[in-house]
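Visitor: Please walk me through this protein. I would like to hear the reasoning behind each label.

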Amino acid sequence: VQLQASGGGLVQAGGSLRLSCAASGRTFSSYAVGWFRQAPGKEREFVAAFSRSGGSTYYADSVKGRFTISRDNTKNTMYLQMDSLKPEDTAIYYCAASSAFRRLDPSTARPDRWAYWGQGTLVTVSS
């Protein structure tokens, strides 16, 4: 599956952005999908994931209650709604997909468990 992320930009602290990630292929619904981010000088970190079936989600503690992941299998697209943004949310955001997960658990946060990656979209939050 190929992924194309979009929707990044510059926003003030407290504002909102919605990221999108369009996927190619006809089997999008068979993949778990997720978002990661990487700030300058830091390692890539997990943000959120949505299971391939059942509608379960999993979030990093740092974004829980502020970010919402969703997917529309009819459009082969996943989303990340980001509200109450903080300067520390500034990063390149990457979408990812994997067929390896039967359910979401703490191992979901490991980048090496995700096989497919989008190119990244930059989110900058000003104070």
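Guide: The protein has 0 helices and 11 strands. Helices (H or I, at least four residues) and strands (E, at least two) are DSSP runs, numbered from the N terminus. Read along the sequence, the pattern is β-β-β-β-β-β-β-β-β-β-β.

Visitor: What makes the protein as compact as a globular protein of that length?

Guide: Its radius of gyration is 13 Å, and the globule rule gives 14 Å for 127 residues. The radius is taken over C-alpha atoms, and the rule is 2.2 Å times the number of residues to the power 0.38. The two values are close, so the protein is as compact as a globular protein of that length. Along its principal axes the C-alpha trace spans about 40 × 30 × 25 Å.

Visitor: What kind of model is this, and how are residues numbered?

Guide: This is a predicted model: local features need pLDDT of at least 70, side-chain atom pairs count only at pLDDT 80 or more, and totals for chains, interfaces and linings use all residues. Residues are numbered from 1 along each chain as its sequence is written, and side-chain values use heavy atoms, with hydrogens and water left out.

Visitor: Why is Arg 66 called buried?

Guide: Its relative accessible area is 11%. Buried means under 20%, exposed over 50%, partly exposed in between (1.4 Å probe, protein chains only). Arg 66 falls under the lower cut-off, so it is buried. It sits in the loop between strand E6 (57-59) and E7.

Visitor: What does the side chain of Arg 66 reach?

Guide: It reaches the backbone oxygen of Ser 62 at 2.9 Å. The backbone oxygen of Ser 84 also lies 2.9 Å from a polar atom of this side chain. A polar contact is a pair of N or O atoms within 3.5 Å; within protein, one must be able to donate a hydrogen and the other to accept it, and residues adjacent in sequence count only if both atoms are side-chain atoms. Beyond four places in sequence, Arg 66 is in contact with residues including Gln 81, Asp 83, Ser 84 and Asp 89. Contact means heavy atoms within 4.5 Å.

Visitor: Why is Ser 84 called partly exposed?

Guide: Ser 84 has 41% relative accessibility. That lies between the two cut-offs, so the label is partly exposed. Ser 84 is in the loop between E8 and strand E9 (91-98). Its phi is near 50 degrees, a positive value in a residue other than glycine.

Visitor: Where does Asn 76 lie?

Guide: Asn 76 is in the loop between strand E7 (67-72) and strand E8 (77-82). Its phi is positive, about 50 degrees, although it is not a glycine.

Visitor: Is Asn 76 buried or exposed?

Guide: Buried: its relative accessible area of 18% is under the cut-off.

Visitor: Why is Thr 74 called exposed?

Guide: Thr 74 has 74% relative accessibility, which is over the upper cut-off, so it counts as exposed. Thr 74 is in the loop between E7 and E8. A polar contact of 2.4 Å joins its side chain to that of Asp 72. Lys 75 is also found in the loop between E7 and E8. With a relative accessible area of 57%, Lys 75 is exposed.

Visitor: How do you know that Ser 20 counts as buried?

Guide: Ser 20 has 19% relative accessibility, so it passes as buried. Its place is in strand E3 (residues 17-23). Leaving aside neighbours within four places in sequence, its contacts include Gln 4, Ser 6, Trp 35 and Met 78.

Visitor: What makes Trp 117 partly exposed?

Guide: Its relative accessible area is 27%, between the cut-offs, so the label follows. Trp 117 is in strand E10 (residues 116-117). Not counting residues up to four places away, Trp 117 touches Leu 3, Phe 36, Arg 44, Tyr 94, Cys 95, Ala 96 and Pro 111. Its side chain reaches the backbone oxygen of Trp 114 at 3.1 Å. The C-alpha atoms of Trp 117 and Trp 35 are separated by 9.4 Å, and the two residues are 82 apart along the chain.

Visitor: What share of the residues counts as buried?

Guide: Of the 127 residues, 45% count as buried. Among contacts with a separation of 6 or more, 60% come from residues 24 or more positions apart.
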